[in-house]
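Hi everyone, thanks for coming. Today I'd like to walk you through one protein chain, starting with a small detail and then stepping back.

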Amino acid sequence: NDDFFAENSWDSEAVLDLEPQIGDSVVNSRKSSCSFIGTNLEGLLSNKGIETIVLSGFRTNSSIISTMRMACEKDFNVITLYDSMACNSKKEQLAAISSSFKLLSTPLLCNQFKEIILGRIPRKLFKKRSVSTVGLDEANELQSVQDIDEGLEEFVENILYLDSPFEESQNISTLARQDLTKLHNTTQIFVVPAGDWSKALAKEVDGRNQMRSCWVRGPFTSPYHIASDFSHVVLMASGIGITPALGVIGQYPGSSRTKILVWTLRSKNMVKFFAPLLKDVHVAVIFYTGKEKLNSLELERIQSLGNIYIRQERPKSLTETIASLIVMFERGFNLSMENLENNHDIKCLDDINQELRATWVTLYCGGSTRIRDELALFAKK
């Protein structure tokens, strides 16, 4: 359309808050989708000593991606704000950001870039993806289940399409299963000093000033040893059940297994204590139901530690949450330009063939017989 963003038309005017100010440079009269071609943009940037370019706008798969590639070739640092750009469809948007954004730029959300500009996040975190933050206002508390699911879906898509390593051998869906039995010659034991025995043990350990021998009776077969037979592991933990879940996570470092954690708990201190240990989880979905709510600063600190998604409420259905996570990951595993549309035909577990479903296992780590029985019935179905 010749009238698309035509000069002196309403759709070519700058947004009121972004109107050029005195001293700003304006580049226009472009005849290419790349902002560098046919303009003096490169000269302006060089004269001002600018080394970093931040991209947003329309369209992602045209002007944005062309300018990003050229800026990278010209040795500029490129930041792409992928939640402030768009295509004609969601399919085109996902195809664009999953193709080369992480290779040629540092993809960030607008909120994360804002925090960096304000000096609240160290510059070294540029390579870390921001995570969705769930607010505490009434609007979020009254959010529908559909909105919650869409928020989680967007969160997972950002991880799969932007955070998956580019090296094929390191991709979480293709990495060869490793023999990890000799990788680490150590064992970790988590003990919470809650009862008389565990408190006495913690006191003895804390009082020792040097390393001493430790005699262990066993080893005994862990109920979670079957994880080695599967490619993708969903760990459902409740309360202090996070400790055996962490054991399984530590047994399969990196992308040797897909590791998804769904954790329900009431203890605010427990969230803060264990969150730093969730860095190696591909997605951690936490349902925190404590009376004392996490404030926005606490949420920001916790979520900056990894791919952590927090809801301050009970899940409508744990099994539906797990099923939706599996569906979203299967879409990501099969992502390619050719079958992107087919991937989004996967809307439920029944749309995944039996062979692929058999590569998933759900392990429950906790003491609730209700959750255990619910998950057992879910797995059988």
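Let's begin at the start of α3, where a side-chain oxygen of Ser 89 comes within 3.2 Å of the backbone nitrogen of Glu 92. A word on what you see: this is a predicted model, where local features need pLDDT of at least 70, side-chain atom pairs count only at pLDDT 80 or more, and totals for chains, interfaces and linings use all residues. Residues are numbered from 1 along each chain as its sequence is written, and side-chain values use heavy atoms, leaving out hydrogens and water.

Helix α3 covers residues 90–99, and among its buried residues are Leu 94 and Ile 97. Buried means under 20% relative accessible area, exposed over 50%, and partly exposed in between, with a 1.4 Å probe and protein chains only.

Now please find Arg 257, in the loop between α9 (242–251) and β5 (258–265). Which side chain of opposite charge is nearest to Arg 257? That is Asp 229, 6.9 Å away, and Arg 257 is buried with no salt bridge. A salt bridge needs a side-chain nitrogen of Lys or Arg within 4 Å of a carboxyl oxygen of Asp or Glu. A polar atom of the Arg 257 side chain does lie 2.7 Å from the backbone oxygen of Phe 230.

For contrast, look at Leu 18, in the segment before α1 (41–47). Leu 18 is exposed, with a relative accessible area of 65%.

Finally, the whole chain: there are 15 helices and 8 strands, and buried residues make up 39% of the 381 residues.

Terms used
Helices (H or I, at least four residues) and strands (E, at least two) are DSSP runs, numbered from the N terminus. Lys and Arg count as positive and Asp and Glu as negative; His and the chain ends are not counted. A polar contact is a pair of N or O atoms within 3.5 Å; within protein, one must be able to donate a hydrogen and the other to accept it, and residues adjacent in sequence count only if both atoms are side-chain atoms.
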